[in-house]
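Hi,

Here is the structure I promised to send over. Have a look first, and my notes follow underneath.

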Amino acid sequence: MKAKLGMSPIAWWNDDLPELSDDVSLEECLRQSRSAGFTGMEKGRRFPDDPEVMLPILRAADVTLCGGWFSGTLVNEELAANKDRIAPMIELFKAVNAPCIVYGEVGRSIQGDRSKPLATKPRLSDDEMKAYAQRLTQFGEWCADQGMPLSYHHHMAAVVETEPELDAFMRYSGSGIPLLLDAGHLAFAGGDVLRAIDNHHARINHVHVKDIRKPVVDGLDRSRQSFLDAVALGAFTVPGDGSLDFGAIVQRLAGYGYEGWFVVEAEQDPRNAPPQKMAEIGHAELMRVMTAAGYTVETEGFPKG
């Protein structure tokens, strides 16, 4: 089985908490990640939106674009509005040969609002979840028809956060909307990562290997502290520096034949967790557990020739 290792630039620049950002260029971010061994990078705010500009930067850094976040609003806006907003991103991602676009629901979400405690996250009724999942399926099918698959990101402080919410979303949605499994977000929400893999492995097309610091997560006052407060306190980190057993997680994915990207997405304060050092820790741990699980990790970055 083959796998690829990528990173998210959120370790260097945090879009929601600008104070948790390194003042480094895109080129330096890519250089540090590549030097740690990663061959892909998800899109961040300092990436150009013109493929003619992006491709030479990726080629020079010897990395590929391995995904990127789209802020979806299908929980409270129509398909047409989301199609209009994602269309340029689809064309960009096709031009640079990215594997998928990550759909993150921001409608009704409190993930970016530091004034809203975790306990006030939005909740959908069963009927609302069913209608929402059906809209996502239609949207995912439309994006795939345009030549770019989506990957649905369950997320803290959003409408699909907990394991029961994820189960309901998956039950009501169809294969037209694949799943991004994020170990850190599911564990933060109190879910069982291995059980989620067992239940939904057939739809997983992208994986975020985000770790958590369980003492930080367990110590949160969810009636008072927000998702962004948790990030600032260090709730997330890279594999090998946190509390999750990625040996078991990767082995379970391997058992179901998952092949594709494993992306380290670990937003932290770069002053306390230097991104290159954390990248090296995460890469070393992933190589250890992936080798044990029988994966061959691809080492080629930007395609030659």
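**What turned up**

I'll begin in the strands: the bridge partner of His 153 in β6 is Leu 180. Keep in mind throughout that this is a predicted model.

That contact belongs to the pairing of β5 with β6 (residues 179-182), two strands that run parallel and are joined by 2 bridges. Between them sits helix α5 (residues 163-172), and β5, α5 and β6 together make a right-handed β-α-β unit.

Now the other neighbour of β5. Strand β4 (residues 101-105) pairs with β5 in the parallel sense, over 4 bridges. Here His 153 turns up again, this time with Gly 104 standing opposite. To get from β4 to β5 the chain passes through helix α4 (residues 126-145), and this β-α-β crossover is right-handed.

And which way do the side chains of β5 (residues 150-153) point? Leu 150 and Tyr 152 go one way, while Ser 151 and His 153 go the other. Every one of those four is buried.

β6 tells a similar story, since both of its faces are covered. Leu 179 and Leu 181 are buried on one side, and Leu 180 and Asp 182 are buried on the other. Going on from there, β6 is joined by 4 bridges to strand β7 (residues 204-208), again running parallel. Leu 180 comes back at this point, standing opposite His 206 in β7.

Next, the aromatics. How many aromatic pairs does a search of the whole structure find? The count is 13. Two that I'd pull up on screen share Phe 188:

- Phe 188 and Phe 227: the ring centres are 6.4 Å apart and the planes are at 40°, so this pair is tilted. The two residues are 39 apart in the chain, with Phe 188 in helix α6 (residues 183-188) and Phe 227 in helix α9 (residues 227-233), and the pair links distant parts of the chain. Phe 188 has a relative accessible area of 1%, and Phe 227 has one of 3%, so both count as buried, the cut-off being under 20%.
- Phe 188 and Phe 236: the centres are 5.7 Å apart with the planes at 55°, so this pair is tilted too. Phe 188 lies in helix α6 and Phe 236 in strand β9 (residues 236-237), so the pair ties together parts that are 48 residues apart in sequence. Both of these residues are buried as well.

There is also an aromatic cluster, formed by Phe 70, Tyr 103, Tyr 132, Phe 139, Trp 142, Tyr 152 and Phe 169. You'll recognise Tyr 152 from β5, where its side chain points the way of Leu 150.

Last, the empty space. The structure holds 1 cavity of 30 Å³ or more, and about 40 Å³ of space lies in the largest cavity. Which residues line it? They are Met 7, Ala 11, Val 238, Ala 266, Gln 268, Ala 273, Pro 275, Met 278 and Ala 279. Helix α11 (residues 275-292) gives the largest share of that lining, with 3 residues. By class, the lining has 8 nonpolar residues, 1 polar and no charged ones.

If you only have a minute, try His 153, which has Gly 104 opposite and Leu 180 as its bridge partner in β6.

Cheers

Conventions:
Residues numbered from 1 in each chain as written. Predicted model: local features only at pLDDT ≥ 70, side-chain atom pairs only at ≥ 80, totals over all residues. Heavy atoms only, no water. Buried < 20%, exposed > 50% of the residue type's maximum accessible area, 1.4 Å probe, protein only. Pairing = 2+ DSSP bridges. Right-handed = clockwise from strand over helix to strand, strands pointing away. 1 Å grid on protein atoms, 1.4 Å probe; cavity = no way out; pocket = protein on both sides within 12 Å on 5 of 7 lines; lining within 4 Å. Points joined across faces, edges and corners; volume = space filled by probe spheres on them. Nonpolar A, V, L, I, M, F, W, Y, C, P; charged D, E, K, R; others polar. Phe/Tyr/Trp six-rings, centres within 6.5 Å; stacked < 30°, edge-to-face > 60°.
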